[in-house]
Amino acid sequence: MRLRMAMEAENPLQIVGTLNALHALLATEAGFRAIYLSGGGLSAGTLGLPDLGLISLHDVLTEVQRICYVCDTPLLVDVDTGLGPSAFNIARTVKSLIQAGAAGLHIEDQVGAKRCGHRPGKELVPAEEMVDRIKAAVDARTDTYFVIGARTDALAVEGLGKALSRAQAYAQAGADFLFAEGVQELSQYREFVQHLPIPVLANITEFGVTPLFTRDELAQVGVRMILYPLSAFRAANQAALHVYREIRQKGTQRDCIAQMQTREELYQTIRYHQYEQKLDALFHAKKPAL
């Protein structure tokens, strides 16, 4: 229910990528109503591997459980093509994510050996197979409020007309929103919005084929959800490399201190002092009187 409530409360809903529990807390602190776990980000950030369908359900669940344990902000999860080859795998993915505390997922219409949505050489399964994936996910849903989105990469592979046909079929199969990948023009988003009875998500990822359209621009063409999957991840990686080089070359981190989160700022985010106070109270309660 939390993700659906966020979609009602904010239009378009901004959803920001959080690759770990701390970033989920930071995004919440910044005011975001919904957060996201990227499959490509998880593959690169946790496993050091490319976004080629190499992550497993175990990999995803580990991070989902960690994030949902400390953060109540609704989490949307990227499950690639379902994290398994059959309807049984998709059903297990859906049920496991619900149990772990996720608020929704999206599944895509690429073949199992998928590629990043902004890379060439993508191959799609037939529309009928993707419809079956969606139906399997919907049928496995044990929480009626859990959100199931359908991503299509058809725009780059088959063109706008067939992408719209696929999107309509996915909506009829029960998808709660349509993730249109690789969109290059605002007018294309407008076409998806006008042809569908469900919300459309825009993936505004950096260094890809989609321009960095603003929230206002996307709102004007009817986009209801805006995803920023790896913005903080990319910034954090660049900052980490800079610090590593500074320490290695200069033998000190002194020139980097101003760019760092302070110890106290970290403590505030993870509620360190609250935990410490509870520990102190417990210790003093058990301490025998003299």
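**Close-up 1. Surroundings of A44 in helix 3 of the predicted model.** A44 is partly exposed, its relative accessible area being 36%, and the residue lies in helix 3, which spans residues 39–47. Leaving aside residues up to four places away in sequence, A44 touches L49 and F233. I55 follows at a distance of eleven residues along the chain, and the C-alpha atoms of A44 and I55 are separated by 9.8 Å.

**Close-up 2. Strand 2 with its parallel partners, strand 1 and strand 3.** Strand 2, residues 34–37, is covered on both faces, with A34 and Y36 buried on one side and I35 and L37 buried on the other. In a regular strand, side chains alternate between the two faces of the sheet. Strand 1 (residues 13–17) pairs with strand 2 in the parallel sense over three bridges, and within strand 2 it is Y36 that stands opposite G17. Strand 3 (residues 75–78) also runs parallel to strand 2 and is joined to strand 2 by three bridges, with L76 of strand 3 as the bridge partner of Y36. Strand 1, helix 2 and strand 2 together form a β-α-β unit that is right-handed.

**Close-up 3. The crossing of helix 2 and helix 12.** The axes of helix 2 (residues 21–29) and helix 12 (residues 263–270) come within 9 Å and cross at roughly 90°, and the two helices are therefore roughly perpendicular to each other. Helix 2 contributes L22, L25, L26 and E29 to the contact, while helix 12 contributes L266, T269 and I270. Sorted by character, the residues of this contact comprise five nonpolar, one polar and one charged.

**Close-up 4. Strand 5 and its parallel neighbours, strand 4 and strand 6.** Strand 5, residues 147–152, is mostly covered, six of its six residues being buried. V147, G149 and R151 point one way from the strand, whereas I148, A150 and T152 point the other way, and all of these residues are buried. Strand 4 (residues 104–108) pairs with strand 5 in the parallel sense over five bridges, and H106 stands opposite G149 of strand 5. Between these two strands the chain passes through helix 6 (residues 127–140), running from strand 4 to strand 5 in a β-α-β crossover that is right-handed. Strand 6 (residues 177–180) pairs with strand 5 over four bridges, likewise in the parallel sense, and the bridge partner of A150 in strand 6 is L178.

Note on methods:
Residues are numbered from 1 along each chain as its sequence is written. This is a predicted model: local features need pLDDT of at least 70, side-chain atom pairs count only at pLDDT 80 or more; totals for chains, interfaces and linings use all residues. Side-chain values use heavy atoms; hydrogens and water are left out. Axes are lines fitted to C-alpha atoms, for helices over the stretch in contact, and angles run from 0 to 180 degrees between N-to-C directions. Angles under 35 degrees count as roughly parallel, over 145 as roughly antiparallel, 65 to 115 as roughly perpendicular and the rest as oblique. Contact means heavy atoms within 4.5 Å. Ala, Val, Leu, Ile, Met, Phe, Trp, Tyr, Cys and Pro count as nonpolar, Asp, Glu, Lys and Arg as charged, and the others, Gly among them, as polar. Buried means under 20% relative accessible area, exposed over 50%, partly exposed in between (1.4 Å probe, protein chains only). Two strands pair if DSSP finds at least two bridges between them. A crossover is right-handed if, with the strands pointing away from the viewer, the path from the first strand over the helix to the second runs clockwise.
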